[in-house]
Amino acid sequence: MTYILLEDHPLYREGLKRYINEHFPASRCLYDGANYLHAKNIISQNKPSIAIVDLHLGDGLIVYSLIQYMRAKVCVCLGSGGGFVPRIMTQAKVDLHKQG
């Protein structure tokens, strides 16, 4: 299993990475950081199987476009609820419905 971890809070990012490494020792992190463009470059070169993404990066829709670009089978979105998170989830529902 390969994954990217796109999270701007270093403490959260480190905690998530440690948890994944402890519970899934065969996993390999291709990128951990907060840079959307760097993550997109890694995705285009390596096609990770899982994306763990903080929805509060940028305006949220930037991250949503990354998820669409990646076309991962699994995507874990991190967010605390307010603001644009409901808007992103609504758009995702619409897009998934269009795809069938």
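In the predicted model, 35% of the 100 residues of the protein count as buried. The accessible surface comes to about 6,200 Å², and carbon and sulfur atoms account for 57% of this area.

The secondary structure consists of four helices and four strands. Along the sequence these elements are arranged in the pattern β-α-β-α-β-α-β-α. Among contacts in the protein with a separation of 6 or more, 69% are made by residues 24 or more positions apart.

The largest nonpolar core is made up of 13 residues. Ile 4, Leu 6, Tyr 31 and Leu 66 have the most contacts inside this core. At least two residues of the core come from each of five elements: strand S1 (2-6), strand S2 (28-33), strand S3 (50-54), helix H2 (36-46) and helix H3 (61-70). The greatest contribution is that of H2, which gives four residues.

The surroundings of Leu 66 were examined with neighbours within four places in sequence left aside. On this basis, Leu 66 is in contact with Ile 4 and Leu 6, and also with Tyr 36, Lys 40 and Ile 43. Of these partners, Ile 4 and Leu 6 are, like Leu 66 itself, among the core residues with the most contacts inside the core.

Another core, of five residues, lies apart from the 13-residue core. Its members include Tyr 3, Leu 5, Ile 20 and Ile 50.

Key
Residues numbered from 1 in each chain as written. Predicted model: local features only at pLDDT ≥ 70, side-chain atom pairs only at ≥ 80, totals over all residues. Heavy atoms only, no water. Buried < 20%, exposed > 50% of the residue type's maximum accessible area, 1.4 Å probe, protein only. Contact = heavy atoms within 4.5 Å. Areas by Shrake-Rupley, 256 points an atom, 1.4 Å probe, with all protein chains shown as cover. Core = buried A, V, L, I, M, F, W, Y, C linked by side-chain atoms within 4.5 Å.
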